[in-house]
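Biologist: I would like a close look at one part of this model, the packing. Please go through it step by step.

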Amino acid sequence: SIPLTQEDFASIESVPYRWGHGDKFYKVAAEYYGDTSAWWIIAWFNNTPTENHLELGDLIYIPIFTEELMSMWGV
């Protein structure tokens, strides 16, 4: 995957999300994007390959403009 630079990360609007019991990337993607298949955007944005890399209470960020992220990937 293509890592985000600090500049990239700072330029993308995001909202904080506190990781809770039963959370999964696909569930968060469904909530914020209406699409479970967009789970990888949240994982990639947080440099967290799987939910197993997160603990209860961890703060992650949900990128708002997925089109901008997709263009960074060339998709």
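Modeller: Contact here means heavy atoms within 4.5 Å. The model is predicted, and local features need pLDDT of at least 70.

First, the setting. The protein has four helices and two strands. Along the sequence they run α-β-α-α-β-α. There are 75 residues, and 28% of them count as buried. Take contacts between residues at least 6 apart in sequence: 67% of these join residues at least 24 apart. About 4800 Å² of the protein is exposed, with carbon and sulfur atoms supplying 52% of that area.

Now the core. In soluble globular proteins, nonpolar side chains tend to be buried together. Here the largest nonpolar core has 12 residues. They are Tyr17, Trp19, Phe25, Val28, Ala29, Ala38, Ile41, Ile42, Ala43, Leu54, Ile60 and Ile62. Helix 2 (25–33), helix 3 (39–45) and strand 2 each give two or more residues to this core.

Start with helix 2. Which of its residues are buried? They are Phe25, Val28 and Ala29. Viewed down the axis of helix 2, these buried residues fall within an arc of 100°, so they line one face of the helix. The spacing has a general background: an α-helix has 3.6 residues a turn, so residues three or four places apart point the same way. What lies over that face? The cover for the buried residues of helix 2 includes strand 1 (14–18), helix 3 and strand 2.

Val28 shows this cover at the level of single residues. Beyond its neighbours within four places in sequence, Val28 is in contact with Tyr17, Trp19, Ile42 and Ile62. Phe25 counts as buried because its relative accessibility is 0%. After helix 2 comes Gly34, with a positive phi near 70°.

Next, Ile62. This residue sits in strand 2, which spans residues 59–63. Is Ile62 buried or exposed? Its relative accessible area is 0%, and buried means under 20%, so Ile62 is buried. Set aside the neighbours within four places in sequence, and Ile62 is in contact with Glu13, Ser14, Val15, Tyr17, Val28, Tyr32, Tyr33 and Ile42. Pro16 is 46 residues from Ile62 along the chain, yet their C-alpha atoms are separated by 6.3 Å.

Tyr17 and Tyr32, both contacts of Ile62, lead to the aromatic side chains. How many aromatic pairs does the structure hold? There are three. In one of them, the ring centres of Tyr17 and Tyr32 are 6.0 Å apart and the planes stand at 85°, so this pair is edge-to-face. Tyr17 lies in strand 1 and Tyr32 in helix 2, so the pair ties together parts that are 15 residues apart in sequence. The two rings' residues differ in burial class: Tyr17 is buried at 13% relative accessible area, while Tyr32 is partly exposed at 33%. Then take Trp19 and Phe25. Their ring centres are 5.3 Å apart and their planes meet at 55°, so that pair is tilted. Trp19 is buried, with a relative accessible area of 5%. Tyr17, Trp19, Phe25 and Tyr32 form one aromatic cluster. Three of these names, Tyr17, Trp19 and Phe25, are also on the list of the nonpolar core.

Last, the loop between helix 3 and strand 2. Thr48 has its place there. Thr48 counts as buried because its relative accessibility is 7%, under the 20% limit. Which residues does Thr48 touch, not counting those up to four places away in sequence? They are Phe25, Ala43, His53 and Leu54. Phe25, Ala43 and Leu54 are members of the nonpolar core. Thr48 also has a polar partner: a polar atom of its side chain lies 2.7 Å from the backbone oxygen of Asn46. Asn47 is found in this loop too. At 70% relative accessibility, over the 50% limit, Asn47 counts as exposed. Asn47 is not a glycine, but its phi is positive, about 50°.

To trace the packing in the view, start at Val28 and move to its contacts Tyr17, Trp19, Ile42 and Ile62. From Ile62, go on to further contacts, including Val15 and Tyr33. From Phe25, step across to Thr48, which touches it.

Conventions
Residues numbered from 1 in each chain as written. Predicted model: local features only at pLDDT ≥ 70, side-chain atom pairs only at ≥ 80, totals over all residues. Heavy atoms only, no water. Buried < 20%, exposed > 50% of the residue type's maximum accessible area, 1.4 Å probe, protein only. Core = buried A, V, L, I, M, F, W, Y, C linked by side-chain atoms within 4.5 Å. Arc of directions from axis to C-beta. Phe/Tyr/Trp six-rings, centres within 6.5 Å; stacked < 30°, edge-to-face > 60°. Polar contact = N/O pair within 3.5 Å; in protein donor to acceptor, adjacent residues only side chain to side chain. Areas by Shrake-Rupley, 256 points an atom, 1.4 Å probe, with all protein chains shown as cover.
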